[in-house]
Number of protein chains: 2
Amino acid sequence: MQITVLSGGVGGARFVRGLVDALQHQGHEETLQDQGRQGAPDPTRVTVIGNTGDDITLFGLRVCPDLDTLLYTLGGGVDEAQGWGRAGDGRQVMEELAALGVQPQWFGLGDLDLGTHVARSQWLGQGLSLSEVTGRLAERWGLPALGVQLLPASDQPIETHVVVDGPEGPDGPERAIHFQEWWVRHRAALPARRFTVAGLGQARPAPGVLEAIREADVVILPPSNPVVSIGIILGVPGVRDALRGTRAPVVGVSPLIGGRPVRGHADACLAPLGVELSAAGVAGLYADFLSGWLVDEADRDGSFPRGVTVERQDILMRDRVGAGRVARAALDLGLRLR
Amino acid sequence: MQITVLSGGVGGARFVRGLVDALQHQGHEETLQDQGRQGAPDPTRVTVIGNTGDDITLFGLRVCPDLDTLLYTLGGGVDEAQGWGRAGDGRQVMEELAALGVQPQWFGLGDLDLGTHVARSQWLGQGLSLSEVTGRLAERWGLPALGVQLLPASDQPIETHVVVDGPEGPDGPERAIHFQEWWVRHRAALPARRFTVAGLGQARPAPGVLEAIREADVVILPPSNPVVSIGIILGVPGVRDALRGTRAPVVGVSPLIGGRPVRGHADACLAPLGVELSAAGVAGLYADFLSGWLVDEADRDGSFPRGVTVERQDILMRDRVGAGRVARAALDLGLRLR
């Protein structure tokens, strides 16, 4: 079975880890049931297409926050409390950069985490593609042994920028800042006028991305940010068409519960799009390819797109077990819609 | 008073720190003597011209070992036992690079130390010259307050390479490796056929280097390696001519005591030059501009160059106080030869 997931950072990574947990648990049960039958159980392959719009070059190093969060979370190296970065990481390099007055200081990089960025930058400088670099990092974190393949949305650099009010205020001229500056430094508190994605016109889906969507048995959208995570992947030329054209059902999990994001700032991202802050509003962004939509029991109302099967259950991923339960439910919804 | 020093790494840095200590002690005494007189005592300025032939690009980061050793030693941040690197430094980034299989692993960089290299690389990438970058780092380490100016020998990248036997052995073809690979990885145990310096033809002395030699009251060569440290600085076009032409006496401290280097591998560097392993042999390398030469009491014999005043005393820098004593003796020798 081929499962393809389009993912952002923390929420998507926790969802994918839950999915892998659920599949391993199922695989164990199937193996027990299969005793005495012939042939190995069908190996399930999970291909994760990670958002690269958050990527940023800092201190001359290429940083891919969502890919790294996926790697660290799936590989068992993530700082669990924080949801990103490495467990037990130090801050010596950043302390020295602060002593030297090197900017920016608002994006904290741990020492172990910097090892990833130094290696990635060196490999990119040697001519490897981001896909190839990501493959090397995935080996280091044991993703192949989990049956997981991690692909960047694109090998071409794309960067999400946020257009905000200029110094003169809401009626004056505007300015564009890097997504990370808006998200990390300003905590998405500067009202966004709109989002732009530098490099998107020249970007192509990374090798394997379109195939993973076309040849999937199920495509899943985790509760990632619909604008700056999944929305960026959808913007890579060809991805949306592949989702419209795939025979696989595309199912998703609402990132909003009761009209509010569980984590992050999806509300601040949806506002400039004029989209209703609701599970139904987000589903509307995917209306042209969505088959099934998992929403919380709190979300009884709303005008969901026609033709989308809506299911309700507790979708809050309180912990790793909870994430497995939500992922299992999304997968089952997809399998029923085949 | 203007004192100009041509320096390599550990030995040179300890010597310069001793010189600064000696000058501050003297300055204190002079200030006491000057009470009641008019005018401030003549401020003494020490300009250090640091070897850049050891520089290397590792993991995409520009590393300048000798300049950094000078900065850390003078600024109070050096690992005293080791003589280079930062006190109390961690190894998290290198551990992660090792986990990722990134080469080379033979050049260890501490986390705090990496902060220097990340900052330097970022600034160089922004178009600053190595002189300007070094000036910023010198500010961070408080060198101006010590009356010390640190200049790289050249703003153009130069790299010392070591030509060694090829895989077929001493009679087969040769190969060139970076100085650091020879020095750090092979501990100078591979016999050197000769040294070459990539980029030397295009290199120019950094701003202020020739002036610091021409306008000095005394020029001092600390007991740095005569081939791969001071020898590289002398090879930058114009430097040797400036030393020949300056009105200041040029005095030096022998890096060999009893025919053996006190630290490092000066013997392995002198061998391919066919130079006698002695204080007199090293003085011969400087014969065209040397005025005074401080050697150890152990070195009574030897054919010193004509016209060079040779002084004997205990020149082993056992500790910081000992380095101050040796530096003071070298300075006094220079002042007497004016």
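**Exercise 1.** What percentage of the interface residues of chain B are also interface residues in chain A?

*Solution.* The structure is a predicted model. Begin with the size of the contact: chain A contributes 21 residues, and chain B contributes 21 residues. Next, compare the two sets: 100% of the interface residues of chain B are also interface residues in chain A, so the copies meet through the same surface.

**Exercise 2.** Determine which elements of chain B build its side of the contact with chain A, and describe the composition of that side.

*Solution.* Recall that the contact takes 21 residues from chain B. Two or more residues on this side are given by helix 3 (92-99) and by helix 4 (111-125) of chain B. The largest share, ten residues, belongs to helix 4 of chain B. By residue class, the side of chain B that touches chain A holds ten nonpolar, eight polar and three charged residues.

**Exercise 3.** Establish how chain B is related to chain A, and identify the residue of chain B that comes closest to the rotation axis.

*Solution.* Two copies of a chain are related by a rotation about an axis and a shift along it. Here, a turn of 180 degrees with a shift of 0.0 Å along the axis lays chain B on chain A with an RMSD of 0.0 Å. The two copies are therefore related as by a two-fold rotation axis. In chain B, the residue that comes closest to the rotation axis is B:Asp111, with its C-alpha at 3.5 Å.

**Exercise 4.** State what confidence the predictor assigns to chain A and to the complex.

*Solution.* For chain A, the mean pLDDT is 94, and 96% of its residues reach 70 or more. For the complex, the predictor gives an ipTM of 0.84 and a pTM of 0.89.

Conventions. Residues numbered from 1 in each chain as written. Chains lettered and ligands numbered in written order. Predicted model: local features only at pLDDT ≥ 70, side-chain atom pairs only at ≥ 80, totals over all residues. Least-squares fit on C-alpha atoms with pLDDT ≥ 70 in both. Contact = placed C-beta atoms within 7 Å. pLDDT = per-residue confidence, 0-100. Helix = DSSP H or I, 4+ residues; strand = E, 2+ residues; numbered from the N terminus. Nonpolar A, V, L, I, M, F, W, Y, C, P; charged D, E, K, R; others polar.
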